[in-house]
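Here are my notes on the model, as numbered points. Please read them with the structure open.

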Amino acid sequence: MKRRLGISLYPDNSVFTDDQAYIDLAASYGFSRIFMSMLEVTEGRTAVFNKFYQVITYAKSKGFEVILDIAPAIFEALEISYDDLSFFAEVGADGIRLDLGFDGNKEALLSYNPYGLIIELNMSNDVAYLDNILTYEANRPYIYGCHNFYPQAGSALPLDFFNRCSERFKQQGIRTAAFVTSQTATYGPWDINDGLPTLEMHRHLPIEVQTKHLFATGLIDDVVIGNAYASEAELKAMSTVNRYQVSFEIDTVPTINQVEEAILFENQHVRRGDITAQMARSTEVRKKYKAENNPAHDHDIHFKRGDVVIGNDAFGKYKNELQIVLEDHQDARKNKVGEIRTEELILLDYIKPWSKFLFNRK
């Protein structure tokens, strides 16, 4: 399933020209979906329709898929029936996200709406909600899943719970989404905004690290910025993230040589399948560079988790093998060539047997 990047918009709290500029900027960096909140609607039906129609029409002209976040109160406020979703089709939305659920049968029926609207479900509950809906023979291609975001510091999901919730959807082949938070954006749907991540561990991390982590879990297809407006630097950083394999940012040591630079940055790395707990081994490179000399440097030291080392001339057949240190140890037959960015050490847990990975200069 193709992985995508997204932004969030809050038309009831924003000016159209600002949203328009943000849409343009995000489109220029390859973003392709929009989470748009209708939870704060305070105006009448006609005013709401015109406001959202203007933003959605422009977003669609730039190639975005638009999902509206709705709650039962919105249906009441706008005098809309769940049996008639024409309002959302006419306003131009591609789908609606149900912030609150029903009995399973209702969601299944909604997925057969005549307008082809996507029905996106709340993923942030570790219950058999999705299973129940699918039991009622829901229209699977029109069912998505999307986690919540959490404006209050300390209130977002822990990783183990997030994994369990997400696995329920991925096991059924449902498209999934989760939120990352900008460190520069200033607002969301509510008056409290300590950031808008799905995972609490992400709240103060750089946005590209959050994005890498969500994709690395293998559980999330779409990564969406929860708050608005992210900076251009953040959009650019997210756009450069490899969505299909972990790519580590690394600080190299000053004494790194040309052979080691080539090994690091010019090769597809693969963790050896018969793994060890002490390090993640990329062994094919030693065959490619077996004829290249590699004198010892930065070798008589204590290696720590996240260090990247390459076998030196004293390492015999293992010369020029690349390893990521997972457990602290010493071995003078290895040269330290760099350190993985501290914030990205969380990604080491996702380098499994046969995992593919790359390195970028920090």
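1. Start at one bridge. Gly6 has Val224 in β8 as its bridge partner. Leu5 is likewise bridged to β8, with Val223 as its partner. In total, three bridges join β1 to β8, and these strands run parallel. Keep in mind that this is a predicted model.

2. Gly6 also looks to the other neighbour. It stands opposite Arg33 in β2. Four bridges join β1 to β2, again in parallel. Val224 has a further link as well: Phe179 stands opposite Val224 in β8. The pairing of β7 with β8 is parallel and has four bridges.

3. These pairings belong to a closed barrel. Eight strands make it up, in the order β1-β2-β3-β4-β5-β6-β7-β8, with parallel pairing. From one strand to the next, the twist averages 30 degrees.

4. Two helices deserve a look against the sheet. Helix α1 (residues 16-28) packs on it and touches β1 (4-9), β2 (33-37) and β8 (222-225). The direction of α1 makes about 170 degrees with that of β1. Helix α8 (residues 207-216) also packs on the sheet, touching β1, β7 (175-180) and β8. Here the angle is about 155 degrees, taken between the directions of α8 and β7.

5. Is β1 covered or open? It is mostly covered, with six of its six residues buried. Arg4, Gly6 and Ser8 point one way, Leu5, Ile7 and Leu9 point the other way, and all are buried. Note that Arg4 and Ser8 are among these buried residues. β8 is covered on both faces: Asp222 and Val224 are buried on one side, Val223 and Ile225 on the other.

6. On the far pairing, strand β5 (residues 118-122) and strand β6 (residues 143-146) run parallel over four bridges. Asn122 stands opposite Cys146 in β6. Asn122 also appears in the lining of the largest cavity, together with Met123, Asn125, Val127, Tyr129, Leu130, Arg168 and Phe169. That cavity has a volume of about 30 Å³. The count of cavities of 30 Å³ or more comes to one. Helices α6 and α7 (159-170) each supply at least two residues of the lining.

7. Asn139 is a point to check by eye. It lies in the loop between α6 (129-135) and β6. Its relative accessible area is 18%, so it is buried, the cut-off being under 20%. Leaving aside neighbours within four places in sequence, Asn139 is in contact with Ser111 and Tyr112.

8. Which residues have the most contacts inside the largest nonpolar core? They are Phe31, Met38, Leu68, Phe88 and Ile225, in a core of 66 residues. Helix α2 (residues 45-61) gives the most to this core, with six residues. Met38 touches Val48, Phe52, Leu68, Asp69, Ile70, Ile74, Leu78, Phe87 and Phe88, not counting residues up to four places away in sequence. A second core is separate and has 24 residues, including Val259, Ala280, Ile310 and Phe359.

9. Next, Phe303. It sits in the loop between α11 (284-288) and β12 (307-311). Why does this loop residue count as buried? Phe303 is buried because its relative accessible area is 0%, and the cut-off is under 20%. Beyond its neighbours within four places in sequence, Phe303 is in contact with Asp298, Val309, Val325, Asp328, His329, Gln330, Asp331, Lys334 and Lys336. Phe303 and Glu339 are 36 residues apart in sequence, and their C-alpha atoms are 9.9 Å apart.

10. Last, the largest pocket. Its volume is about 180 Å³. It is lined by 16 residues, and the closest to its centre are Phe215, Ala216, Tyr244, Gln245 and Val246. α8 and β9 (246-252) each supply at least two lining residues. α8 gives the most, with three. α8 is thus worth viewing twice: in this lining and in its packing on the sheet.

Technical notes. Residues numbered from 1 in each chain as written. Predicted model: local features only at pLDDT ≥ 70, side-chain atom pairs only at ≥ 80, totals over all residues. Heavy atoms only, no water. Pairing = 2+ DSSP bridges. Axes fitted to C-alpha atoms, helices over the stretch in contact; angles between N-to-C directions. Contact = heavy atoms within 4.5 Å. Core = buried A, V, L, I, M, F, W, Y, C linked by side-chain atoms within 4.5 Å. Buried < 20%, exposed > 50% of the residue type's maximum accessible area, 1.4 Å probe, protein only. 1 Å grid on protein atoms, 1.4 Å probe; cavity = no way out; pocket = protein on both sides within 12 Å on 5 of 7 lines; lining within 4 Å. Points joined across faces, edges and corners; volume = space filled by probe spheres on them.
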